[in-house]
Amino acid sequence: MTSTERAVERELPYDVFAKACPSRGALEHVTGRWGGLTLGALHEGSLRFNELRRRVDGVSEKMLSQTLHALERDGLVHREAQPTNPPRVDYELTPLGHEVAGRLLALIQCVEGRMDDVLAARERYDAARGAL
């Protein structure tokens, strides 16, 4: 380990690889299927619950609700309830949420841009395993 790596390591008080580190839970909320998609959808702008549910195709109402609660608790999503009848609730990213979502979207774009390579690798893998 270089002296720079050791200095950076001392500056970071959290270690996601440690079982008891609270950063592990936050990382799971961000990188889980629904968390990542929810953050990506909200990066586009504020959405109401049902708009968000339509944007994140396939998520159940229960899972989206749980995901939003976790992301709100982690300080990534802000929930704004309007005192109207019927009630209106909007969700948007916090500044921290925008930072995390921006980095996540870079990963999403990388994966989407390389899907031809991924699909070809899958075919080679499956063909090799089928030949055994």
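These are my notebook entries on a predicted model of one protein chain.

**Entry 1: overall layout**

I began with the secondary structure. I found seven helices and three strands in the protein. Reading along the sequence, I wrote down the pattern α-α-α-β-α-α-β-β-α-α.

Next I looked up the dimensions. The C-alpha trace spans about 60 × 45 × 25 Å along its principal axes. I noted a radius of gyration of 19 Å for the protein, where a compact globule of 132 residues would have one near 14 Å. I also checked burial: 23% of the 132 residues are buried.

Then I turned to contacts along the chain. I took those between residues at least 6 apart in sequence, and 42% of them join residues at least 24 apart.

**Entry 2: the core**

I went to the largest nonpolar core, which has 20 residues. Which members touch the most others? I listed Leu39, Leu42, Leu52, Leu68, Val77 and Tyr91.

I then asked which elements each supply at least two residues of this core. They are helix H3 (33-42), helix H4 (49-55), helix H5 (61-73), strand S3 (88-93) and helix H6 (95-113). H3 gives the largest share, four residues.

**Entry 3: Tyr91**

I followed one of those core residues further. What does Tyr91 touch, leaving out residues up to four places away in sequence? My list has Leu42, Gly45, Ser46, Leu47, Phe49 and Leu68. It also has Val77, His78 and Arg79. Among these partners, Leu42, Leu68 and Val77 are also on my list of core residues that touch the most other members.

**Entry 4: H3 against H6**

I looked at how H3 and H6 pack. Their axes are 9 Å apart, and the angle is about 105°. Angles of 65 to 115 degrees count as roughly perpendicular, so H3 is roughly perpendicular to H6.

Which residues make the contact? From H3 I noted Gly36, Leu39 and Gly40. From H6 I noted Val100, Ala101, Leu104 and Leu105. I sorted the residues of this contact by type: five are nonpolar, two are polar and none is charged. Leu39 of H3 appears here, and Leu39 was also among the core residues with the most member contacts.

**Entry 5: a cis peptide bond**

Last, I checked the backbone around Pro86. The peptide bond joining Asn85 and Pro86 is cis, with omega about 0°. Where does Pro86 sit? I found Pro86 in the loop between strand S2 (77-82) and S3.

Methods
Residues numbered from 1 in each chain as written. Predicted model: local features only at pLDDT ≥ 70, side-chain atom pairs only at ≥ 80, totals over all residues. Heavy atoms only, no water. Core = buried A, V, L, I, M, F, W, Y, C linked by side-chain atoms within 4.5 Å. Buried < 20%, exposed > 50% of the residue type's maximum accessible area, 1.4 Å probe, protein only. Contact = heavy atoms within 4.5 Å. Axes fitted to C-alpha atoms, helices over the stretch in contact; angles between N-to-C directions. Parallel < 35°, antiparallel > 145°, perpendicular 65-115°, else oblique. Nonpolar A, V, L, I, M, F, W, Y, C, P; charged D, E, K, R; others polar. Rg over C-alpha atoms; globule rule 2.2 N^0.38 Å.
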